[in-house]
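Biologist: I have a model to look at and many terms to learn. Could you go through it with me and show how each label is earned?

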Amino acid sequence: MSVIAVGSFLPPPPPYRRIKPRFTTMVSLRSDAVSVAETSSILRKLKEECATPLPVLRQVADAMSADMRAGLAAAHGLPMIPSFVEDLPTGNEKGLFYALDLGGTYFRVLRVQLGGNNERVVATDFDQVSIPPQLMSATCEELFDFIALGLAKLAAKDDGRFNLSPGKKGEIGFTFSFPVRQTSIDSGILVKWTKGFAVSGAAGRDVVACLNEAMERQGLDMRVSALVNDAVATLAGAEYWDNDVAVAIILGTGTNACYVEQIDAIPKLQGHVSSSGKMIISTEWGAFSKRLPSTEFDRAMDAASINPGEQIFEKTISGMYLGEIVRLVLLEMAATGELFGKSIPENLYTPFILGTPDLCAMQQDKSGDLQGVGSLLYDKARVESTFSARKTVLEVCDTIVKRGGSLAGAGIVAILQKMEEDSKGVIFGKRTVVAIDGGLYENYPQYRTYMQDSVKELIGSEKSNNLVIEHSKDGSGIGAALLAATNSMYKHDF
Ligand code: BGC
């Protein structure tokens with residue numbers, strides 16, 4: 001079996017604590033029959049606790065819709081962050097724009113030459129680098145110097161396809177995919193880090209000011225015209241090509257969702273004047289925590305994380321965590337059920353030794369003897385496995401991935417039903433597109449299927465006929481550049 005390249009939801013190696021299984025001392029006293037029974041009983045309990053039958057999905061969707069409303073009104077419920085994106089790109093935008101994208105496994109810098117209505121995207125060029133793990137716990141200056149240096153390198157590349165009109169400053173759309181309290185389209189305060197980032201001195205600061213200072217240190221005279229979340233940038237990028245896009249979702253290392261909201265349905269923005277009457281709201285649904293099926297393994301993983309008690313929906317459904325939950329289940333099965341023989345494979349103690357891409361690769365193994373599963377377990381964790389152990393490993397993966405995908409589907413329905421309730425018929429009565437980006441969605445077929453099945457189960461096949469769930473590949477890069485153009489200080493020239 002070939003291991004599929006599933007880059008963008010690789011978990012970074014964060015500073016997690018090592019979790020010991022509970023009953024390690026009794027292992028050698030058991031008979032084989034007792035051990036097998038114990039593994040089966042852990043699996044049975046896991047399946048029961050992770051189950052997502054329709055009533056559970058419905059409760060999750062309803063609770064999330066209610067939390068969305070609460071968040072739009074005040075400071076409880078979901079964060080429901082106003083993005084200050086009130087106008088989406090029209091297609092008339094012209095000129096050279098840059099996009100920076102920081103938020104998951106990679107840092108990307110992109111430039112786009114826009115040619116206006118007939119020509120649209122004339123040329124694009126980008127650089128992408130993995131974020132060095134040490135940068136995730138560096139200082140604010142170090143992180144932003146790294147970003148500004150990446151931008152400087154791309155801007156310096158000579159390429160006849162990209163032209164900035166004389167006398168104009170380069171403008172940037174900055175995709176910063178962490179919870180930010182936006183104060184305007186081009187400023188926002190970092191509320192907290194997620195996804196294993198723990199950069200010091202940044203929380204509580206305006207991230208655009210941090211970037212401006214770093215650009216100054218690089219001698220770069222450019223301007224951030226739009227600060228956006230990756231979900232927001234994805235929505236803008238997808239809507240540029242298809243006006244029916246109303247919702248965008250990120251399912252990658254982390255997760256988030258955003259949608260187009262009516263200004264008068266956002267009580268916490270009372271008094272805000274908007275020409276379009278609309279604004280994209282970034283739900284930060286990763287922070288949702290109600291009615292979610294949860295197990296002792298989820299609680300152990302959360303307790304060992306750098307943000308215990310936070311981002312529970314994200315920790316249940318997103319790419320950074322699925323592999324880690326499976327590792328904890330296998331560790332317990334190895335310890336109390338001798339899943340991999342009399343001793344516990346030492347490497348299974350290492351946090352994040354199994355990534356979500358590994359689960360994905362194992363689930364694609366169609367060989368009769370599950371050779372691919374065996375090799376991957378050995379390569380990654382030095383685990384020797386029997387055929388029956390491999391089958392158990394696959395059942396564990398499927399249980400965790402099914403729960404994640406199904407709950408992601410319930411989240412999508414939560415947003416659609418909230419929009420539908422406020423605007424009878426506008427969502428389910430016509431074609432509505434949900435644009436999704438992120439490595440987990442893109443590369444994990446089983447996850448995608450579970451997600452789609454859950455949406456269909458919840459809304460029924462008639463309404464599903466009007467709903468299009470589509471992949472918007474790297475839409476967030478172009479989307480951020482487009483939003484820089486929409487908010488350009490030179491837009492009267494378009
Ligand atoms: C962040 C969101 C982001 C999402 C996807 C989450 O951890 O809080 O702001 O959109 O990851 O990258």
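Modeller: Gladly! Let's begin with arginine 120, which sits in the loop between strands β3 (106–115) and β4 (121–130). The model is predicted, so local features need pLDDT of at least 70 and side-chain atom pairs pLDDT 80 or more, while totals for chains, interfaces and linings use all residues. Residues are numbered from 1 along each chain as its sequence is written, and side-chain values use heavy atoms, leaving out hydrogens and water.

Biologist: How do you know where a strand or helix starts and stops?

Modeller: Both are DSSP runs numbered from the N terminus: a helix is H or I over at least four residues, a strand is E over at least two. For this chain that gives 14 helices and 13 strands.

Biologist: What makes arginine 120 worth a second look?

Modeller: Its phi is positive, about 55 degrees, and arginine 120 is not a glycine. Most residues other than glycine have a negative phi. Phenylalanine 352 also has a positive phi, about 65 degrees, without being a glycine. Phenylalanine 352 belongs to the loop between α8 and α9 (356–363).

Biologist: Why is phenylalanine 352 called buried?

Modeller: Buried means under 20% relative accessible area, exposed means over 50%, and partly exposed is in between (1.4 Å probe, protein chains only). Phenylalanine 352 has 10% relative accessibility, so it counts as buried.

Biologist: And glycine 425: which label does it get, and why?

Modeller: Glycine 425 has a relative accessible area of 32%, so it is partly exposed. You will find glycine 425 in the loop between α11 and β12 (432–437). Leaving out residues up to four places away in sequence, it touches Glu420 and Lys430.

Biologist: What makes two residues count as touching?

Modeller: Their heavy atoms must come within 4.5 Å. Try glutamate 171 in strand β5 (residues 170–176). Beyond its neighbours within four places in sequence, glutamate 171 contacts Phe97, Tyr98, Arg223, Ser225, Ser488, Met489 and Tyr490.

Biologist: Glutamate is charged, so how do you know which accessibility class glutamate 171 falls in?

Modeller: The number decides: glutamate 171 has a relative accessible area of 1%, so it is buried.

Biologist: Does lysine 418 count as buried or exposed, and why?

Modeller: Lysine 418 has 1% relative accessibility, so it counts as buried. This lysine 418 is part of helix α11, and its contacts, again skipping residues up to four places away, are Ser65, Met68, Arg69, Leu72, Tyr259 and Glu261. Lysine 418 and serine 65 are 353 residues apart in sequence, yet 5.7 Å apart in space, C-alpha to C-alpha.

Biologist: What other residue of helix α11 (residues 387–422) could we test?

Modeller: Threonine 392. At 11% relative accessibility, threonine 392 counts as buried, and among residues more than four places away it contacts Thr39, Leu43, Met333 and Leu339.

Biologist: How do you know how helices α6 and α8 are packed?

Modeller: Two packed helices are described by the angle and the distance between their axes. Helix α6 (residues 296–304) and helix α8 (residues 319–337) pack at about 115 degrees, with axes 9 Å apart. Those axes are lines fitted to C-alpha atoms over the stretch in contact, and the angle, from 0 to 180 degrees, is between N-to-C directions. Phe297, Asp298, Ala300 and Met301 of α6 meet Tyr321, Glu324, Ile325, Leu328, Val329 and Glu332 of α8. The contact has seven nonpolar, no polar and three charged residues.

Biologist: Why is the whole chain called as compact as a globular protein of its length?

Modeller: The radius of gyration, taken over C-alpha atoms, is set against the globule rule: 2.2 Å times the number of residues to the power 0.38. The chain has 23 Å, close to the 23 Å that the rule gives for 494 residues, so it is as compact as a globular protein of that length. Buried residues make up 58% of the 494. Of the contacts with a separation of 6 or more, 75% join residues 24 or more positions apart.

Methods: Nonpolar A, V, L, I, M, F, W, Y, C, P; charged D, E, K, R; others polar.
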